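Here are a few exercises to work through with the model open beside you. Try each task before you read its solution.

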Amino acid sequence: MGVSNKITAILNFIAFLCAIPIMAAGIWLASKPDNECIHSFRWPVFVLGALMLLVSLAGFIGACFNKQGLLALYLFCMAALIILILVLLIFAFTVTRPDGSYSVPGRAYREYRLDGFSKWLRDYVTDSGTWQKIRTCLADSDTCPKLTQQYISA
C-alpha cells in the first residue's frame, strides 16, 4: 500500500469514528419529546452523520484494498460535499451580513431593527408559520427571563 493510500485510509478511519457520535446525536435528538427548537435538526444531523460514515467508509476501503471504483466514488462525493458546504457558507454570510444594528447616542450597546437585516431573512422571520415556531422556541427556553434579569430596560 502506497503512502498516499495509507494517509487516505487513516484520515478516513478518523472521519468514520467522528461520524458515529454525529449519528448518535441525531438519534438522541430524534428520541427527545417534540420541541420546536430542535425539530428541524433531528433527522438532518443523523443523515449528515450517515453520509459522512458512508463516504469515509468508501474512502477507507478503497484506500486499504486499492479499489479504484470506491476511491473514485469517494472523491466525487467529497467534492460534492465540499461544494455544498461552500454554497451553504456563502448563502449564510450573504443572508446574515447586514446585522440590523445601529448606534444609540449615550448607550454602550447597539439597537437592532428588523429593517437592517437582509430581505430574505426579514421575509423568513416575519412569515407567520416561522415566527410562531421561533416564538414557541423562545417561550420554551429561558432566554427572555435571562434578559429581564440582566438588563433594566426592554
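**Exercise 1: an unusual backbone angle**

Asparagine 66 lies in the loop between H2 and H3. The model is a predicted one, so keep that in mind throughout.

Task: work out what sets the phi of asparagine 66 apart, and decide whether the residue is buried, partly exposed or exposed.

Solution. Start with the usual case: most residues other than glycine have a negative phi. Now check the angle here: asparagine 66 has a positive phi of about 50°, although it is not a glycine. Then turn to accessibility. The value for asparagine 66 is 46%, and partly exposed covers the range between 20% and 50%, so asparagine 66 counts as partly exposed.

**Exercise 2: ring geometry**

Task: classify two aromatic pairs, tryptophan 43 with phenylalanine 46 and tryptophan 120 with tyrosine 124, as stacked, edge-to-face or tilted.

Solution. Two values do the job, because a pair of aromatic rings is described by the distance of the centres and the angle of the planes. Centres have to lie within 6.5 Å; planes under 30 degrees apart make a pair stacked, and over 60 edge-to-face. By this rule the count comes to 4 aromatic pairs.

- Step one: tryptophan 43 and phenylalanine 46 sit 5.9 Å apart, centre to centre, with 90° between the planes, so this pair is edge-to-face.
- Step two: tryptophan 120 and tyrosine 124 have their centres 5.2 Å apart and 5° between the planes, so this one is stacked.

Next, place the pairs on their helices. Tryptophan 43 and phenylalanine 46 are separated by about one helical turn, because they are 3 residues apart in helix H2 (residues 42-64). Tryptophan 120 and tyrosine 124 are also about one helical turn apart, being 4 residues from each other in helix H4 (residues 119-126).

Finally, look at accessibility. Phenylalanine 46 is partly exposed at 22%. Tryptophan 120, at 43%, is partly exposed, and tyrosine 124 is partly exposed at 44%.

**Exercise 3: a cluster and a patch**

Task: which residue forms one aromatic cluster with Trp120 and Tyr124, and which residues make the nonpolar surface patch of about 580 Å²?

Solution. The cluster partner is Phe91. Phenylalanine 91 belongs to helix H3 and is partly exposed, with a relative accessible area of 39%. For a sense of distance, its C-alpha atom is 39 Å from that of glycine 2, which is 89 residues away along the chain.

The patch is built from Met78, Ile82, Ile85, Leu86, Leu89 and Phe93. Take isoleucine 82 as a test case: its place is in helix H3 (residues 68-96). A patch residue needs over 30% relative accessible area, and isoleucine 82 has 47%, which makes it partly exposed.

**Exercise 4: the whole chain**

Task: decide whether the chain is a compact globule or more spread out.

Solution. First, count elements: the chain has 6 helices and 2 strands, ordered α-α-α-β-β-α-α-α along the sequence. The radius of gyration is 22 Å, well over the 15 Å from the globule rule for 154 residues, so the chain is more spread out than a compact globule.

Then add the other totals. The C-alpha trace spans about 65 × 35 × 30 Å along its principal axes. Buried residues make up 16% of the 154 residues. The chain exposes about 11,500 Å², with carbon and sulfur atoms supplying 70% of that area. Among contacts with a separation of 6 or more, 42% come from residues 24 or more positions apart.

Technical notes
Residues are numbered from 1 along each chain as its sequence is written. This is a predicted model: local features need pLDDT of at least 70, side-chain atom pairs count only at pLDDT 80 or more; totals for chains, interfaces and linings use all residues. Side-chain values use heavy atoms; hydrogens and water are left out. Rings of Phe, Tyr and Trp (its six-membered ring) pair if their centres lie within 6.5 Å; planes under 30 degrees apart count as stacked, over 60 as edge-to-face and the rest as tilted. Buried means under 20% relative accessible area, exposed over 50%, partly exposed in between (1.4 Å probe, protein chains only). Patches are made of residues with over 30% relative accessible area and no salt bridge: like charges are joined within 9 Å, nonpolar side chains (Val, Leu, Ile, Met, Phe, Trp, Tyr) within 5 Å. Accessible areas come from the Shrake-Rupley method with a 1.4 Å probe; for residues, only the protein chains shown count as cover. A salt bridge is a side-chain nitrogen of Lys or Arg within 4 Å of a carboxyl oxygen of Asp or Glu. The radius of gyration is taken over C-alpha atoms; the globule rule is 2.2 Å times the number of residues to the power 0.38. Contact means heavy atoms within 4.5 Å.
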